Amino acid sequence: MSYEIHRVAVIGSGTMGGALAAHFANAGLDVSLLDIVPTTLTADEEKKNLSLAQSAVRNRIVNAGMNAVLKSKPAALFTPQTAEKIRVGNLQDNFDFVADADWILEAIVENLDVKRALMERIDAARKPNSIITTNTSGIPIHAIAQGRSKAFKKHFLGTHFFNPPRYLKLLEVIPGPDTSRRVVKFVKRFGEDVLGKGVVLCKDRPNFIANRLGSFLGTYTMRYAYEHDYRVDEVDAFTGPEIGHPKTATFRLCDLVGVDIMYHVADNLHNAVTDDEARADLKPPEFLKTMVERKMLGNKTRGGFYKETREESGKKKFYALNLKTFEYEKPGKYFFDSVSAAEMADTLPEKLRAIVAGDDRAAKFVWDTTAHYLAYASHRIPEIADDIVSIDRAMRWGFAHEAGPFEIWDMLGVAETLVKMEAQGIAVAPWVKEMLAAGHASFYHNGSYYEPAAKAYRTLAATPNVILLKHTRVISENDSAALRDIGDGVALLEFHTKMNALDDNIIEVAHTALSEVEKNFAGMVVGNQGEHFSAGANVLGIWMMAENGEWEKIDEVAKALQDFTMRLRYSRKPIVTAPFGYTLGGGCEVTMAGARIVAHAETYAGLVEVGIGVIPAGGGCKEMLRRVVAPALQTPNADALPFLQRVFETVGTAKVATSAAEAKQLGFFGDDTRIVMNRDQLVAAAKQTVLNMVAENYQAPTRAKIYAAGARALAAMRIAIYSMVSGKYISEYDALIGDKLAQVLCGGALTAPAWVDEQYILDLEREAFISLCGQEKTRERISHFMNTGKPLRN
């Protein structure tokens with residue numbers, strides 16, 4: 001039997017159910033969101049003389065869940081319009097929605113009896129080939145399916161998403177004892193290809209993989225802090241990026257997730273694993289229980305391990321909880337030699353080795369907690385997984401760690417750390433010692449991983465539709481960029497500066513790349529596999545030139561970027577840009593210059609230059625006119641002003657799209673942009689697009705004409721700018737920047753509307769850019785941005 005999923009029914013509209021419905025809709029699926037019918041009226045409903053029989057009341061719970069989705073921050077939906085893919089209903093009037101569904105996902109209360117009763121109804125209503133899953137995080141999968149039909153059990157399994165599912169990559173798939181292998185394989189591929197997830201197959205053990213290890217790490221770390229008199233903010237100062245963890249570190253993460261959720265997950269796990277050798281370490285600290293009792297639940301109650309406090313000066317600060325007195329205390333300032341050494345290091349292995357080699361409080365904390373975490377992970381094989389790869393991926397994808405436990409162990413040196421661990425009485429699993437005794441010095445080696453059961457290395461399986469750039473041939477490179485051969489006659493231009501900021505070296509390799517592609521390749525992808533596609537131009541370089549009055553040099557830099565983007569656009573060979581993450585300023589301009597865009601769904605694109613006091617000058621203004629204004633003005637007697645105002649608002653307010661779908665709406669990306677849900681597949685998808693374009697006999701576009709609206713449109717825009725200043729919505733200097741932008745968008749000194757060459761607008765861009773760089777307030781804005789990462793309004 002083949003499986004297809006077009007319609008999903010999500011049962012349970014709480015935080016997780018609503019977020020899952022949103023993510024399925026993001027993936028283009030039709031979604032039904034269902035919840036129970038209320039049994040009593042609210043006071044407000046009684047005032048309105050409503051009854052329990054009326055639809056507004058019967059759907060009250062699911063409507064509240066849907067409203068929470070619409071208001072969620074960060075956004076659960078790619079765009080507000082995505083909500084149109086979701087219909088709501090209740091479990092009494094609309095159970096036929098379940099019968100229609102290809103995938104039925106249960107996300108209701110964590111109560112075994114309630115789940116079983118629901119599964120009995122689903123078993124009777126489902127169509128024969130539908131797949132049924134539970135999002136439980138703590139109840140055994142086999143127990144939920146008990147008593148169900150053979151056909152039901154064949155199609156039933158666990159799918160444990162991490163919250164928020166739009167942003168966290170991990171999907172744990174947990175087969176039951178009777179689940180069809182074909183169903184498991186299908187769900188895994190669907191999760192990867194359609195939902196964009198990193199899928200890990202798990203055993204049906206308490207908390208599966210990520211929450212089992214995450215609970216241990218969290219409870220052990222918190223208890224260690226309490227017992228050794230570490231402050232909350234002190235711990236967070238060295239358990240974040242310094243050790244490859246997110247900025248939320250330890251206690252801020254707990255506030256974000258919810259202290260009550262962290263407590264209940266840990267408490268349930270402690271009660272469920274009576275045979276765990278480290279069960280005592282899994283018991284949540286007593287102070288966590290006290291916090292739950294006192295409703296100190298974190299961000300949702302505006303007080304957990306941190307509380308925003310206004311000091312006498314009026315300045316707001318986050319005070320940290322004293323774990324023993326339960327009083328909030330002024331944040332401290334901490335300096336540790338080991339942390340400083342880690343911050344000076346370039347790579348995670350260097351950072352970790354630097355910090356654990358120290359002898360200060362931070363070094364002792366990180367070593368002791370990490371050592372116990374590594375040992376605990378070793379004992380979980382084969383209980384929760386048969387291989388180390390699944391464990392490492394679960395921790396990376398579920399908690400956004402840079403490395404999983406066995407990857408960390410390799411970074412620190414397995415043999416060296418084992419000696420130190422045993423000296424402290426920390427017991428590791430016997431198979432680790434067997435591995436070392438057999439002459440295998442690391443868990444990973446030359447594309448293979450050590451498998452304890454086989455007592456040998458196994459080759460890491462290639463992932464379908466994934467190209468790893470580090471395994472491709474470099475044709476040419478410098479410190480900032482490289483040209484790579486990614487196979488089948490397709491090249492790739494890769495940036496690798498900090499934040500992939502554009503600089504002279506990138507432009508140099510880019511021109512070499514385009515010449516090479518013209519001669520020897522079918523086409524090219526512009527992409528990389530860093531943290532972000534490109535955060536824009538090298539701001540420091542611009543600031544230094546402006547401070548030194550090097551106006552001709554600034555003009556040369558801007559002209560070089562314009563020439564690069566124009567070469568991309570008019571290349572005889574298809575050039576596909578593959579943005580993801582931050583795609584800002586010059587990065588957005590490079591993206592827009594491609595013949596086609598293949599974007600990761602989580603692409604945050606924008607022309608943000610006004611934030612530092614300038615305007616886009618790498619072709620961004622010209623492209624927005626070409627994409628938004630010019631097509632509309634092909635219609636006879638069309639009014640240009642509404643379209644100009646749209647572009648002016650988008651660029652002048654530095655709007656950043658919160659998804660690739662929104663980037664299409666704003667005009668940064670074209671309607672033909674392909675959106676890829678799984679970032680790991682982005683380069684391969686972009687390469688395939690190049691090949692498809694070649695097969696379709698791609699021809700470079702003819703030179704475009706840009707509609708410049710002229711003096712009357714400029715006057716109208718200046719009136720709008722004046723009104724904004726008069727209403728004190730913007731500063732006088734913002735108005736100056738806005739006026740420069742309006743001049744460029746309207747065609748400068750043109751007295752009447754005209755269709756002009758692209759170069760005409762490009763020249764206006766550079767002229768305005770240089771003029772603004774000459775302003776002292778612009779240099780202040782650039783300096784402020786470099787120091788704080790935030791725009792300055794002066």
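1. Helices and strands in this note are DSSP runs, numbered from the N terminus. By that numbering, P382 sits in the loop that links α18 (361-379) with α19 (388-399). The model under review is predicted.

2. Cis peptide bonds. The bond from I381 to P382 is cis, and its omega is near 10°. Another cis peptide bond joins K73 and P74, with omega about -5°. P74 belongs to the loop between α4 (60-71) and β3 (86-90). As background for checking such sites, most peptide bonds are trans.

3. Positive phi at N207. This residue is not glycine, yet phi of N207 is positive, near 65°. N207 is placed in the loop between β8 (198-201) and α10 (210-227). Is N207 buried or exposed? Its relative accessibility is 5%, so N207 counts as buried, the cut-off for buried being under 20%.

4. Positive phi at F326. Here too a residue other than glycine has a positive phi, near 60° for F326. The loop in question runs between β10 (316-321) and β11 (328-329). F326 counts as buried because its relative accessibility is 15%. For both this point and the previous one, the general background is that most residues other than glycine have a negative phi.

5. Nonpolar cores. The largest nonpolar core has 103 residues, and I122, F305, F406 and F443 are those with the most contacts inside it. Which element gives the most to this core? That is α18, with ten residues. A second core, separate from the largest, has 61 residues, among them I597, V610, A657 and L714. In soluble globular proteins, nonpolar side chains tend to be buried together.

6. Helix α18 in two contexts. The helix that gives the most residues to the largest core also borders the loop holding P382. The cis bond that ends at P382 starts from I381. A reader going through the model can take these items together.

7. Positive surface patch. Which residues form the positive patch on the surface? They are K150, K154, R182 and K185. The elements giving two or more residues to the patch are α8 (150-154) and α9 (181-193).

8. K154 within that patch. K154 is located in helix α8. At 38% relative accessibility, K154 counts as partly exposed, because that class covers values between the 20% limit for buried and the 50% limit for exposed. Patch residues need over 30% relative accessible area, and the value for K154 is 38%.

Definitions and conventions: Residues numbered from 1 in each chain as written. Predicted model: local features only at pLDDT ≥ 70, side-chain atom pairs only at ≥ 80, totals over all residues. Heavy atoms only, no water. Helix = DSSP H or I, 4+ residues; strand = E, 2+ residues; numbered from the N terminus. Buried < 20%, exposed > 50% of the residue type's maximum accessible area, 1.4 Å probe, protein only. Core = buried A, V, L, I, M, F, W, Y, C linked by side-chain atoms within 4.5 Å. Patch = residues over 30% accessible without salt bridge, like charges linked within 9 Å, V, L, I, M, F, W, Y side chains within 5 Å. Areas by Shrake-Rupley, 256 points an atom, 1.4 Å probe, with all protein chains shown as cover. Salt bridge = Lys/Arg side-chain N within 4 Å of Asp/Glu carboxyl O. Lys, Arg positive; Asp, Glu negative; His and termini not counted. Charge placed at Lys NZ, Arg CZ, Asp CG, Glu CD.
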